[in-house]
Amino acid sequence: MKQYTFDFSEVKQAYDRIKPYLKDTPLEPSFYLGGTDRKYFFKLESFQPVKSFKVRGALNKMLTLSEEEKQKGVCTISSGNHGSSVSYAASLLGIEKAEIIVPETAPKSKVERIECFGGHVLQMGTNYDEAHALGMKYIEESGMTYIDAYYDDPKIYGGQGTIAIEILNQNPDIDTIVIPVGGGGLSTGIAVAAKAIKPGIRIVGVQTEACPAMIKSYEDGVCYEEYPIDETICDAVVGGVGALSYALLKDYCDDLIEIREESAARAVSFMAKQEKYIVEPSSALTVAAVMDHAEQIGGTNIALVLSGGNIDGELLTELMTKY
């Protein structure tokens with residue numbers, strides 16, 4: 001069985017590597033959550049140029065490619081946000097060929113954003129796991145350089161982990177970080193880095209009830225690389241679990257919480273109407289967790305990672321009308 005390793009040194013290297021290309025995202029206090037004894041802060045990854053945290057990992061990885069790998073072109077498989085990030089990073093670094101494989105169900109807004117940054121979109125499969133299976137075969141046959149979204153590339157995890165460095169630089173009093181969990185690259189990267197900087201910090205991961213792949217993997221003792229998906233608005237956190245994350249996250253994450261889809265929908269509307277931030281449902285899982293499980297999350301100064309803002313306009317209007 002393969003031994004997976006990843007540590008804070010990867011995050012520190014990534015932080016130095018990507019800093020010339022990306023500005024720190026804001027860490028802003030909530031006006032409506034918490035009170036005098038508990039304060040919440042939004043880490044606004046929705047303010048990235050691609051409106052998603054995934055640009056950190058993609059850029060970090062692509063900055064380490066050889067000229068030969070760049071010449072071959074890059075390709076990835078994505079539910080949307082990672083694809084936008086690879087497309088954007090390719091444009092920054094002068095990589096001419098960037099192909100992005102997405103499921104046929106990918107939101108129109110995410111497909112348009114990928115194309116806006118110069119990436120070529122290929123639609124395969126009816127869901128993320130099908131797209132991944134078909135896409136990996138295509139990449140192998142094409143000879144292009146694969147940019148992993150979450151599975152086991154330390155460069156991807158290192159890039160995502162830079163969020164922890166920023167949070168604790170911006171507010172050293174943060175004692176809890178709440179993170180959306182999909183394949184696990186974001187949560188594992190942040191958790192490993194945060195615990196290295198501040199060992200006593202509490203890390204809470206949240207998943208949608210439509211695809212609690214990480215929660216079930218640990219309950220069953222099986223790394224579910226594919227996982228059945230119920231109908232969901234949280235398209236950015238669906239699919240299977242990354243092998244590197246499965247191997248490590250349990251040692252760094254203090255709690256994993258399953259969130260109802262309706263709670264995520266309400267959180268999207270709350271963030272737009274009250275806090276005045278546009279976030280996608282997968283990102284709003286952290287806000288929904290506070291609304292439904294504040295005592296379980298605990299903490300005094302809590303950072304909520306808002307991982308992305310790529311929500312389809314029609315869906316946003318629908319949720320704001322309904323909630």
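These legends accompany a set of close-up views of a predicted model.

**View A. Helix α1 and its buried residues.**
Let's begin with α1, which covers residues 8-18. Which of its residues are buried? They are F8, E10, V11, A14, Y15 and I18. Seen down the axis of α1, these buried residues fall within an arc of 150 degrees, so they line one face of the helix. A bit of helix geometry helps here: with 3.6 residues to each turn of an α-helix, residues three or four places apart point the same way. The partners of the buried residues of α1 are α2 (54-62), α7 (154-170) and α8 (185-197), against which they pack.

**View B. The largest nonpolar core.**
In soluble globular proteins, nonpolar side chains tend to be buried together. Here, the largest nonpolar core holds 64 residues. Which members touch the most others? They are M62, V74, I167, I174, I177, I190 and I203. The helix that gives the most to this core is α7, with 7 residues. The model also has a second, separate core of 34 residues, and I259, A265, V268 and V279 are included in it.

**View C. The surroundings of I203.**
This view picks out one residue of the largest core, I203. With neighbours within four places in sequence left aside, the contacts of I203 include I177, I179, A191 and A194. K195, Y252, C253, D254 and D255 are also in contact with I203.

**View D. G125 in its loop.**
You will find G125 in the loop that runs between β5 (120-123) and α6 (128-142). Is G125 buried or exposed? Its relative accessible area is 7%, so G125 is buried, the cut-off being under 20%. Once neighbours within four places in sequence are set aside, G125 is in contact with P103, E104, E130, A131 and L134. For a sense of distance, take V178: from G125 to V178 is 53 residues in sequence and 32 Å in space, C-alpha to C-alpha.

**View E. The largest pocket.**
The largest pocket offers about 480 Å³ of space. It is lined by 25 residues, and T105, E231, T232, I233 and D235 are the closest to its centre. Two helices, α11 (261-275) and α13 (313-322), each supply at least two residues of this lining. If you are thinking about chemical character, the lining of the largest pocket has 12 nonpolar, 6 polar and 7 charged residues.

**View F. The largest cavity.**
How many cavities of 30 Å³ or more does a search of the whole structure find? There are 2. The largest cavity contains about 280 Å³ of space. Of its 25 lining residues, F53, K54, G182, G183 and A236 are the closest to the centre. Helix α8 gives the most to the lining of the largest cavity, with 3 residues. By class, this lining divides into 10 nonpolar, 13 polar and 2 charged residues.

**View G. The second largest cavity.**
We finish with the second largest cavity, whose volume is about 60 Å³. Its lining is made by Y15, I18, K19, L22, K23, D24, R56, T162 and E166. Y15 and I18 are also among the buried residues of α1 in View A. Both α1 and α7 supply at least two residues each to the lining of the second largest cavity. The classes here are 3 nonpolar, 1 polar and 5 charged residues.

Notes. Residues are numbered from 1 along each chain as its sequence is written. This is a predicted model: local features need pLDDT of at least 70, side-chain atom pairs count only at pLDDT 80 or more; totals for chains, interfaces and linings use all residues. Side-chain values use heavy atoms; hydrogens and water are left out. Buried means under 20% relative accessible area, exposed over 50%, partly exposed in between (1.4 Å probe, protein chains only). Helices (H or I, at least four residues) and strands (E, at least two) are DSSP runs, numbered from the N terminus. The arc is that of the directions from the helix axis to the C-beta atoms. Contact means heavy atoms within 4.5 Å. A nonpolar core is a set of buried Ala, Val, Leu, Ile, Met, Phe, Trp, Tyr and Cys residues joined through side-chain atoms within 4.5 Å. On a 1 Å grid over the protein atoms alone, a cavity is a set of points where a 1.4 Å probe fits but cannot get out, and a pocket is an open set with protein on both sides within 12 Å along at least five of seven lines; lining residues have an atom within 4 Å of a point. Grid points are joined across faces, edges and corners, and a volume is the space filled by probe spheres set on the points. Ala, Val, Leu, Ile, Met, Phe, Trp, Tyr, Cys and Pro count as nonpolar, Asp, Glu, Lys and Arg as charged, and the others, Gly among them, as polar.
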